[in-house]
Amino acid sequence: MLTNLLFFLLTGTTLTVLLWTGVELFRTQEDPLGDRLEELQSQALVVAQRSARRKTTGRGLDRVLVLVGQVPGGDGWLHDTERLLSRAGIRRKYALAVYVILTLVFVLILLSVMVWLERGNPPVSVLIGVVVALLLGFLLPKMVLQRFVKRYRRRLQEALPDTVDLLGIVLGTGLALDQAMMRVSEEMEYIYPELAGEFATVVMQVRAGQDRTTAFSQFVRRTGIEDLKSLAAMIVQSEKFGTSLAQALKVYADALRMRRRLRAEAAVGKAGIKMLFPIVIFILPVLFVITLVPGLLSVLKDLKTLGSGR
């Protein structure tokens with residue numbers, strides 16, 4: 001009786017959360033100036049300022065963040081999740097709130113299923129099932145998000161050599177750095193949209209009054225790629241000391257192509273080792289069955305014939 005009551009309670013809570021999330025997502029809130037200011041603040045403020053803003057504001061889906069931030073350890077989880085979302089290229093206004101709500105709904109569904117499956121079992125078994133459901137509910141979405149981060153980072157690394165080379169060519173025509181980055185962003189928008197969007201974000205931050213060094217530091221922090229860290233340091237130092245940035249970018253683009261070639265060769269070298277396990281597990285047993293079974297059947301048939309002849 002208690003397990004059934006708990007199951008229906010969790011199911012009702014899950015449906016209520018889903019309904020409320022849908023209402024909040026489709027409800028329009030017309031505040032362009034506030035949305036723009038909030039977007040700039042979310043890109044420029046540090047972690048402490050973001051945490052303080054979550055605790056003091058609670059409009060729309062941000063109420064979920066306020067509630068989660070009040071739980072012990074919730075603020076650190078929100079910060080880590082926001083960092084992963086940023087590194088995955090997901091930087092919409094309510095991205096963090098939607099991710100948190102979907103994760104909590106997923107946890108509630110797993111808890112409901114686990115309680116329903118463990119009904120009638122001892123309390124220790126029910127407790128173990130609840131713990132397993134909680135772990136899976138929080139770990140599986142994080143693993144999926146980390147996969148998105150790796151994919152986004154791989155796309156940035158693949159686009160970096162050609163984009164840096166084009167940036168050096170555009171700078172050689174006499175354009176300023178901001179104009180050159182915006183032109184490269186426009187040219188690469190349909191080929192490498194991820195890196196083009198990052199360049200456009202840096203330019204917009206500089207035009208909004210932010211220091212270029214800070215903008216590039218945030219660019220590196222958002223992506224977490226060492227090659228971009230070297231590129232940002234090169235651009236900042238070239239601007240500080242007045243050296244030729246176009247020539248430096250040309251040399252750096254050649255180095256990036258060499259690194260990309262080495263990564264491709266390393267991936268080809270690892271392919272043989274990675275194919276060893278599927279071959280041993282799936283292909284060789286099938287070959288053994290195809291090769292040996294007809295012979296065994298023939299031997300068994302001959303033995304049966306000899307036995308019947310006697």
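## Burial classes and overall make-up

A residue is called buried when its relative accessible area is under 20%, exposed when that area is over 50%, and partly exposed in between. Arg257, at 22% relative accessibility, therefore counts as partly exposed. The structure discussed here is a predicted model, and every value below was computed from it.

The chain contains 12 helices and 0 strands, so that, read from the N terminus on, its elements run α-α-α-α-α-α-α-α-α-α-α-α. Of the 310 residues in the chain, 31% are buried.

## Helix H5

Helix H5 covers residues 74-87, and its 14 residues should span 20 Å at 1.5 Å a residue; the C-alpha atoms at its ends are 20 Å apart, which agrees with that expectation. The buried residues of H5 are Gly74, Leu78, Thr81, Glu82, Leu84, Leu85 and Ser86. After H5 comes Gly89, whose phi is positive, near 85°.

## Salt bridges within helices

The count of salt bridges comes to 8, and two of the pairs described here join residues that belong to one helix. In helix H8, which comprises residues 177-187, Glu187 and Arg183 lie 4 residues apart, about one turn of the helix. Their closest N and O atoms are 3.3 Å apart, and the two residues form a salt bridge. Glu187 is partly exposed because its relative accessible area of 43% falls between the limits for buried and exposed, and Arg183 is likewise partly exposed, with a relative accessible area of 43%.

In helix H12, which comprises residues 245-309, Asp254 and Arg257 are 3 residues apart, again about one turn of the helix. An α-helix has 3.6 residues a turn, so residues three or four places apart point the same way. The side chains of Asp254 and Arg257 meet in a salt bridge, with a distance of 3.4 Å from N to O. Asp254 is partly exposed, with a relative accessible area of 44%, and Arg257 is also partly exposed, at 22% relative accessibility. This pair does not stand by itself, for Asp165, Asp254 and Arg257 are linked in a network of salt bridges.

## Helix H7 and its link to helix H9

Arg155 and Glu194 also form a salt bridge through their side chains, at 3.1 Å from N to O. This pair links distant parts of the chain, since Arg155 is in helix H7 and Glu194 is in helix H9, 39 residues apart. The two partners fall into separate burial classes: Arg155 has a relative accessible area of 36% and is partly exposed, whereas Glu194, at 17% relative accessibility, counts as buried.

A further pair of positions can be set beside this salt bridge. Pro193 has its place in helix H9, which comprises residues 193-207, and at 43% relative accessibility Pro193 counts as partly exposed. The C-alpha atoms of Pro193 and Leu156 are separated by 9.2 Å, although these two residues are 37 residues apart along the chain.

## A positive patch

Arg147, Lys150, Arg151 and Arg154 form a positive surface patch. One of these residues, Arg151, has its place in helix H7, which comprises residues 123-172. Arg151 counts as partly exposed, because its relative accessibility of 35% is neither under 20% nor over 50%.

## Val220 in helix H10

Val220 is found in helix H10, which comprises residues 212-223. Its relative accessible area is 17%, and Val220 is therefore buried, the limit for that class being under 20%. Val220 and Ala233 are 13 residues apart in sequence, and their C-alpha atoms are 9.9 Å apart in space.

Note on methods:
Residues are numbered from 1 along each chain as its sequence is written. This is a predicted model: local features need pLDDT of at least 70, side-chain atom pairs count only at pLDDT 80 or more; totals for chains, interfaces and linings use all residues. Side-chain values use heavy atoms; hydrogens and water are left out. The expected span of a helix is 1.5 Å times one less than its number of residues. Buried means under 20% relative accessible area, exposed over 50%, partly exposed in between (1.4 Å probe, protein chains only). Patches are made of residues with over 30% relative accessible area and no salt bridge: like charges are joined within 9 Å, nonpolar side chains (Val, Leu, Ile, Met, Phe, Trp, Tyr) within 5 Å. Accessible areas come from the Shrake-Rupley method with a 1.4 Å probe; for residues, only the protein chains shown count as cover. A salt bridge is a side-chain nitrogen of Lys or Arg within 4 Å of a carboxyl oxygen of Asp or Glu. Lys and Arg count as positive and Asp and Glu as negative; His and the chain ends are not counted. The place of a charge is taken as NZ of Lys, CZ of Arg, CG of Asp or CD of Glu.
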